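The following paragraphs lead a new reader through one protein chain. Please keep the sequence and the structure in view while reading.

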Amino acid sequence: MKINENGRIGAVNPYKKAGEATSAQAAGKKGKVKDQVEISAEAKELLGASGSARTEEQSLRIESLKNSVSSGTYHVDAKKIAEKLLPYLK
């Protein structure tokens, strides 16, 4: 009965060796280059114009919805939801 294989003593695991090489390379790199995104001035201007287009009545509506949801008085009309979903189910 053979329990241990004599040929495996001192064998090198190639995956372990590759992992050690990778970690050594990572240790050698001290300053990693990070990804950066730059948004142009024109894009910032467009974002600012579209984001601040909320009117006074929209802001009031949003505040009233937030208050009704937080107080628990917001009611969802199931009939309206069913009417909107019906075309997608046909």
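Helix 3, which covers residues 56–71, offers a suitable starting point. Its 16 residues should span 22 Å at 1.5 Å a residue, and the 23 Å between its end C-alpha atoms agrees with that expectation. The model in which this helix appears is a predicted one.

Helix 3 belongs to a chain that has four helices and zero strands. Read from the N terminus on, the order of elements is therefore simply α-α-α-α. Of the 90 residues in the chain, buried residues make up 1%. The accessible surface of the chain amounts to about 9400 Å², and carbon and sulfur atoms account for 56% of that area.

Which residue of helix 3 deserves attention with regard to burial? Ser68 has its place in helix 3. Ser68 has a relative accessible area of 16%, and it counts as buried because this value lies under the 20% cut-off. When its neighbours within four places in sequence are left aside, Ser68 is in contact with Thr73 and Tyr74. After helix 3 comes Gly72, a residue with a positive phi, near 90 degrees.

Beyond this point the chain continues to the loop between helix 3 and helix 4, where Val76 is found. Val76 has a relative accessibility of 45%, so it is classed as partly exposed, the category between 20% and 50%.

Helix 4 comprises residues 78–89. From the first C-alpha to the last, its twelve residues reach 16 Å, close to the 16 Å expected at 1.5 Å a residue. How many of the twelve residues of helix 4 are buried? The count is zero, and the helix is hardly covered.

A nonpolar patch on the surface brings several of these parts together. Val69, Tyr74, Val76, Ile81, Leu85, Tyr88 and Leu89 make this patch, which has an area of about 800 Å². Helix 4 gives the most to the patch, with four residues. A general property of helices is useful when viewing such a surface: an α-helix has 3.6 residues a turn, so residues three or four places apart point the same way. Tyr74, a member of the patch, is also one of the contacts of the buried Ser68.

Key:
Residues numbered from 1 in each chain as written. Predicted model: local features only at pLDDT ≥ 70, side-chain atom pairs only at ≥ 80, totals over all residues. Heavy atoms only, no water. Helix = DSSP H or I, 4+ residues; strand = E, 2+ residues; numbered from the N terminus. Buried < 20%, exposed > 50% of the residue type's maximum accessible area, 1.4 Å probe, protein only. Areas by Shrake-Rupley, 256 points an atom, 1.4 Å probe, with all protein chains shown as cover. Expected span 1.5 Å × (residues − 1). Patch = residues over 30% accessible without salt bridge, like charges linked within 9 Å, V, L, I, M, F, W, Y side chains within 5 Å. Salt bridge = Lys/Arg side-chain N within 4 Å of Asp/Glu carboxyl O. Contact = heavy atoms within 4.5 Å.
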